[in-house]
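Trainee: Could you pick one part of this model and take me through it up close? I'd rather have one connected story than a list.

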Amino acid sequence: MITFDPDALAQHVAELESRMGEPGFWDDSRAAAAISAEQARLSKRLERFEHLTKEYEEARELFALDGDLETEIRDHIQPLRRELERLTQEALFTGEYDAGDAVVTIHSGEGGTDAQDWAEMLLRMYLRWAERRSLRTELLEASPGEEAGLKSATFTVAGENAYGTLKAERGVHRLVRLSPFDQAHRRHTSFAQVIVSPLLSDDVPVEVNEDELRIDTYRASGAGGQHVNKTDSAVRITHLPTGIVVQCQNERSQASNKQTALRLLKSRLVELEQERRETELARERGAIQDTGFGSQIRSYVLHPYQLVKDHRTDHETGNTQAVLDGDLDGFVHAYLLADAAQKLR
């Protein structure tokens, strides 16, 4: 069982503080900034645990004094349990980019208009999830479908462990429901793919040969103006060797859109290289799977019964509406535990 280890965390924080006190620490400003940021992040995590411990001890003392307050104390402890679960989850983030921001791309797959509508439903689900966790999001592009929904959408998620958390969502998501676009109201199955990459800072060195890029500009047309600004300066970049396509349309300036698109491309290339080094995990991540039947990581069944099930962990819930409204923490936590356990084998 994987647990949160406060003693090991305190020791690591002390080691980082010792390194920060060494002569010449700031000679390498980039390395020093990374160590300083890690020390601040882990110190904050340790403070959270100490606060939880204090709250728990106070509740236990209160119960010892007055057992009639059991219900009130139990209600008080529930948020503490959830916070401890988050601390335990954060201990699983050991990857190079796990602590940083993420860029998420959603592509509609098989299923026509239903799949495009499903892609828009997933976008809404993730934006609501991020809002629940006080993470900042920015929509970079949204390509509307012919009749409804979205062909694709790309957005960034900023905040602690955004990438480490959202890695759990990489793959193909399958929806089964009575189609609102079918006049006979028959049951349809549709698919959408979610790709998650670390959002790299501008100073991370990633070589991109401009001769291998095809850069197109176009006029963006958000679906009814509800997604992003309409502009003539939208930029699409295709990386010819890999076929990766990135685009940005949220800025008025073509130069700004191009700069952001290049940053997204570098993020995708880093993720692709990680997948090449970890081919066994790539199948679980889903970023290289076909967006068709049988390849899904999670199914969302709205008819003939209500069930959301993750096929990697068997974690499931019948409260489908809560999940579609952004209640994903149970699925994320189950995946991260399973992934960490696999790495320990």
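Mentor: Let's take helix H2, its two helix partners and then the largest pocket. Keep in mind that this is a predicted model, where local features need pLDDT of at least 70 and side-chain atom pairs count only at pLDDT 80 or more, while totals for chains, interfaces and linings use all residues. Numbering starts from 1 along each chain as its sequence is written, and side-chain values use heavy atoms, with hydrogens and water left out.

H2 covers 29–65; helices here are DSSP runs of H or I with at least four residues, numbered from the N terminus. Start with H1 (6–20). H1 and H2 pack at about 145 degrees, their axes 9 Å apart; axes are lines fitted to C-alpha atoms over the stretch in contact, and angles run from 0 to 180 degrees between N-to-C directions. The crossing is left-handed, so the near helix is turned anticlockwise from the far one by less than a right angle. On the H1 side, Leu9, Val13 and Leu16 are among the residues in contact (heavy atoms within 4.5 Å), and H2 answers with residues including Ile35, Leu42 and Leu46. This contact divides into 10 nonpolar, four polar and four charged residues. Nonpolar means Ala, Val, Leu, Ile, Met, Phe, Trp, Tyr, Cys and Pro, charged means Asp, Glu, Lys and Arg, and the others, Gly among them, are polar.

Now the other partner, H3 (residues 70–90), which packs on H2 at about 160 degrees with the axes 10 Å apart. The two are therefore roughly antiparallel (under 35 degrees is roughly parallel, over 145 roughly antiparallel, 65 to 115 roughly perpendicular, the rest oblique). H2 passes H3 in a left-handed crossing too. Leu52, Tyr56 and Phe63 are among the H2 residues here, with Ile73, Leu80 and Leu87 among those of H3. This contact has 11 nonpolar residues, one polar and seven charged. Arg45 and Phe49 of H2 take part in both contacts.

H2 also matters to the pocket count: H2 gives the largest share of the lining of the largest pocket, 10 residues, and H1 supplies at least two. That pocket has a volume of about 1,000 Å³, the space filled by probe spheres set on grid points joined across faces, edges and corners. A pocket is an open set of points on a 1 Å grid over the protein atoms alone, where a 1.4 Å probe fits, with protein on both sides within 12 Å along at least five of seven lines; lining residues have an atom within 4 Å of a point. Of the 32 lining residues, Ala34, Arg41, Glu96, Ala99 and Gly100 are closest to the centre. The lining divides into 16 nonpolar, five polar and 11 charged residues.
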